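Biologist: I am new to this model and would like one careful, connected explanation that stays close to a single part of it. Please begin with the whole, so that I can place the details.

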Amino acid sequence: MQKGMETEMEKQEQIVNYSHGISLVERKNLMVTGVKKIDNFDTEQFLLETVMGFILVKGEDLELIKLDTVQGHVSIRGLITGINYLEENSKKTKESSLFNRLFK
């Protein structure tokens, strides 16, 4: 029975892997699909791992509104000032600079 459950979960992951998109409404409400995980976040930025790579969302008064781990949907509210896709090497640089900034 557990083996059947894993197969169903794998099917769901495969469906999510093909679906990635970004919807931004009035720079205040952001919906991202195809999210694998949220690496870290605070009120000024979110680092999301998606099926198409890492995304850095910057803004002011950012807050996580919805997280659906099954479908891979994330909703963020606040003033969005930037959305950038990151290369794998720059993700590590961004993470370390974020942690350096947090622990100053």
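How much area does the protein expose, and what percentage of it do carbon and sulfur atoms supply? After that, please take me closely through strand 6 (residues 73-86) and the residues around it.

Modeller: The protein exposes about 7200 Å², of which carbon and sulfur atoms supply 51%; accessible areas here come from the Shrake-Rupley method with a 1.4 Å probe, and for residues only the protein chains shown count as cover. This is a predicted model, in which local features need pLDDT of at least 70 and side-chain atom pairs count only at pLDDT 80 or more, while totals for chains, interfaces and linings use all residues. Residues are numbered from 1 along each chain as its sequence is written, and side-chain values use heavy atoms, with hydrogens and water left out.

The secondary structure comes to two helices and six strands, arranged along the sequence in the pattern α-β-β-β-β-β-β-α. Helices (H or I, at least four residues) and strands (E, at least two) are DSSP runs, numbered from the N terminus. Of the 104 residues in the protein, 31% are buried, where buried means under 20% relative accessible area, exposed means over 50%, and partly exposed lies in between (1.4 Å probe, protein chains only). Among contacts between residues at least 6 apart in sequence, 45% join residues at least 24 apart, a contact being heavy atoms within 4.5 Å.

Turning to strand 6, a useful place to begin is Arg77, which forms a salt bridge with Glu63, the closest N and O atoms being 3.5 Å apart. Glu63 lies in strand 5 (residues 53-68) and Arg77 in strand 6, so this pair ties together parts that are 14 residues apart in sequence. The term salt bridge stands for a side-chain nitrogen of Lys or Arg within 4 Å of a carboxyl oxygen of Asp or Glu, and by this rule the count comes to two. Both partners are partly exposed, Glu63 with a relative accessible area of 38% and Arg77 at 40%. The other salt bridge joins the side chains of Asp39 and Lys37 (3.6 Å, N to O).

Strand 6 also takes part in the interior. The largest nonpolar core has 11 residues, among them Val74, Ile76 and Ile80, and a core of this kind is a set of buried Ala, Val, Leu, Ile, Met, Phe, Trp, Tyr and Cys residues joined through side-chain atoms within 4.5 Å. The elements that give two or more residues to this core are strand 2 (29-33), strand 4 (45-50), strand 5 and strand 6. One of the core residues is Leu48, whose contacts, not counting residues up to four places away in sequence, include Val32, Ile55, Val57 and Ile76.

Further along, Ile83 is also found in strand 6 and counts as partly exposed because its relative accessibility is 29%. Leaving aside residues up to four places away in sequence, Ile83 touches Ile22, Leu24, Leu30, Ile55 and Leu56. The C-alpha atoms of Ile83 and Leu56 are separated by 5.8 Å, although the two residues are 27 apart along the chain.

Tyr85, likewise in strand 6, is partly exposed, with a relative accessible area of 45%. Its C-alpha atom is 6.4 Å from that of Leu56, a residue 29 places away along the chain. With residues up to four places away in sequence not counted, Tyr85 touches His20, Ile22, Met52, Phe54 and Ile55.

Some of these neighbours meet again on the surface, where Ile22, Met52 and Tyr85 form a nonpolar patch with about 310 Å² of accessible area together. Patches are made of residues with over 30% relative accessible area and no salt bridge, with like charges joined within 9 Å and nonpolar side chains (Val, Leu, Ile, Met, Phe, Trp, Tyr) within 5 Å. Ile22 belongs to strand 1 (residues 21-25) and, at 34% relative accessibility, counts as partly exposed. Strand 6 therefore has Arg77 in a salt bridge with Glu63 of strand 5, while Val74, Ile76 and Ile80 belong to the largest nonpolar core and Tyr85 belongs to the nonpolar surface patch.
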